[in-house]
Each structure stands twice: as C-alpha cells, then as structure tokens.
Amino acid sequence: MTRLLIALLLSMFAFVHVAHADDPAERAAKRHYERGQKLFNLQKFDEALDQFQKAYDAKPIPEFLFNIGQCHRNLGDYEAAVFSFKKYLKLAPDAPNKEQVEQLIEELESKKDQGTSERFGLVKKKERPIESGEGKPVYKKWWFWTGVAVVAVGAVGIYALTRDNTPDTELGAIDFPK
C-alpha cells in the first residue's frame, strides 16, 4: 500500500508544471525587455522606449519604469523621464539604485527649469523661431530661381528661332520650299 501511495505521489509531481515559467505575460515582457536592451545599447532610444513600454504593458514590473525613464532622459524629454523615475521609486521604494535615481531626478528637474535639452552630451537651447526671408542667401530666394528659369527658357527660344533649319546630308544641302 505504501508503495502504491509513493508511486501515485511521484506520478502527480511528474506532471506538475511551474506556473510562472509558462506565464505568457512574463515571456512577452522578457522578450520585449531583451529587444529594448539591445536597441538601447545601439542608442536607438525611440525604439528601445517602445519595447520597454510593451514590456511594462505585458507585466508591470517597476524596473521597466527605470528603463523607460532612461530612454526619455536620453531623448531629452526630461519631464517624461522625471515622471517615470518618480513612479519607479513609488512602486519600488527600497530599490537598490534609489540614491542614483533621486540624483537623476534632481539633475533633470534643474535642466528642465533651465530650458535646455541634452542628447549624446550636446547641449542646445530651446528651438529658435523660424527666420524671416531677410537672412537667407540669394540662392535660397524664390525670385532668384524664377529668374534663372526665365533666362534658360529665353536662351532655348532664341536658339530655336535662330538656328539653321537646313539639314545637311552627304548628298549636299537640300533647300526645302518655305
């Protein structure tokens, strides 16, 4: 009887699957995370951001918010980066990189207040207003190219009117009646 009971228990454990290993949400999150990590390493931050967001949609793990914040930071969207970092710290208050994230938030908020944007180590000011036509070089003005076209059409017309319409042949010139 005990042998039968042991055999029955062993057969039951043989067919038990680990639930989290077959979790489709976790597999999808892992797949998107790995793609996002590769894209981030290639500095394709827009595409990496998309993959990290898909990973978070599949399984809302707080660490994905840190990655999302890093993408926003590298894209120069400081407001979105600060939001993601704060949400990350709210969901993971005991995060091992808490001090680093708080420092990042501080830096990004000061940059946001200064109105600068940073990407790949280059600092640039906010976008300039569109220039008027006053500062453009001559070759970028519409009237310059219109003049060039009029001169070209005139030259072709003069050439067509003044060329000799008499065809040359090996037999000699043939005069055609007009």
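**Exercise 1. Describe how α4 and α6 pack in this predicted model.**

Solution.
Step 1. Two packed helices are described by the angle between their axes and the distance between the axes.
Step 2. For α4 and α6 the angle is about 30°, and the axes lie 12 Å apart.
Step 3. Angles under 35 degrees count as roughly parallel. α4 and α6 are therefore roughly parallel to each other.
Step 4. The handedness completes the description: the crossing of α4 past α6 is left-handed.

**Exercise 2. State the secondary structure of the chain and the order of its elements.**

Solution.
Step 1. The chain holds 7 helices and 2 strands.
Step 2. Along the sequence, these elements follow the pattern α-α-α-α-α-α-β-β-α.
Step 3. As for burial, 22% of the 178 residues of the chain count as buried.

**Exercise 3. Find the span of helix α3, and determine how its buried residues are arranged around the axis.**

Solution.
Step 1. Helix α3 covers residues 45-58, which is 14 residues. From its first C-alpha to its last it reaches 20 Å, close to the 20 Å expected at 1.5 Å a residue.
Step 2. The buried residues of α3 are F45, A48, L49, Q51, F52 and A55.
Step 3. Viewed down the axis of α3, these buried residues fall within an arc of 165°, so they line one face of the helix.
Step 4. On the face of α3 turned away from the buried side are the exposed residues D46 and D57.

**Exercise 4. How many salt bridges does the whole structure contain, and which residues form them?**

Solution.
Step 1. Side chains of opposite charge can pair when their charged atoms come close.
Step 2. Searching the whole structure gives 3 salt bridges.
Step 3. D23 pairs with K59, and their closest N and O atoms are 3.2 Å apart. D23 is in the loop between α1 (2-14) and α2 (24-41), while K59 is in the loop between α3 and α4 (62-75), so this pair ties together parts that are 36 residues apart in sequence. D23 is partly exposed, at a relative accessible area of 23%, and K59 is also partly exposed, at 26%.
Step 4. K54 and D50 form a salt bridge with an N to O distance of 3.4 Å. Both residues belong to helix α3, where they are 4 residues apart, about one turn of the helix. K54 has 36% relative accessibility and counts as partly exposed; D50, with 33%, counts as partly exposed too.
Step 5. E109 and K86 form a salt bridge in which the closest N and O atoms are 3.0 Å apart. This pair links distant parts of the chain, since E109 sits in helix α6 (residues 98-114) and K86 in helix α5 (residues 78-91), 23 residues apart. E109 is partly exposed at 27% relative accessible area, and K86 is partly exposed at 43%.

**Exercise 5. Give the span of α5 and list its buried residues.**

Solution.
Step 1. α5 has 14 residues. Its first and last C-alpha atoms are 20 Å apart, close to the 20 Å expected at 1.5 Å a residue.
Step 2. The residues of α5 that are buried are Y78, A80, A81, V82, S84, F85, Y88 and L89.

**Exercise 6. What is the phi of Q43, and where does Q43 lie?**

Solution.
Step 1. Q43 has a positive phi of about 60°, although Q43 is not a glycine.
Step 2. Q43 is located in the loop between α2 and α3.
Step 3. With a relative accessible area of 47%, Q43 is partly exposed.

**Exercise 7. For L39 and A25, compare separation in sequence with separation in space, using L49 and P60 as partners.**

Solution.
Step 1. L39 is part of helix α2. Residues under 20% relative accessible area count as buried. L39 has 16% and is therefore buried.
Step 2. L39 and L49 are separated by 10 residues in sequence and by 8.8 Å in space, C-alpha to C-alpha. L49 is one of the buried residues of α3.
Step 3. A25 is also found in helix α2. At 27% relative accessible area, A25 is partly exposed.
Step 4. A25 and P60 are 35 residues apart in sequence, and their C-alpha atoms are 9.7 Å apart in space.

Methods: Residues are numbered from 1 along each chain as its sequence is written. This is a predicted model: local features need pLDDT of at least 70, side-chain atom pairs count only at pLDDT 80 or more; totals for chains, interfaces and linings use all residues. Side-chain values use heavy atoms; hydrogens and water are left out. The expected span of a helix is 1.5 Å times one less than its number of residues. Buried means under 20% relative accessible area, exposed over 50%, partly exposed in between (1.4 Å probe, protein chains only). The arc is that of the directions from the helix axis to the C-beta atoms. A salt bridge is a side-chain nitrogen of Lys or Arg within 4 Å of a carboxyl oxygen of Asp or Glu. Axes are lines fitted to C-alpha atoms, for helices over the stretch in contact, and angles run from 0 to 180 degrees between N-to-C directions. Angles under 35 degrees count as roughly parallel, over 145 as roughly antiparallel, 65 to 115 as roughly perpendicular and the rest as oblique. A crossing is left-handed if the near helix is turned anticlockwise from the far one by less than a right angle, and right-handed if clockwise.
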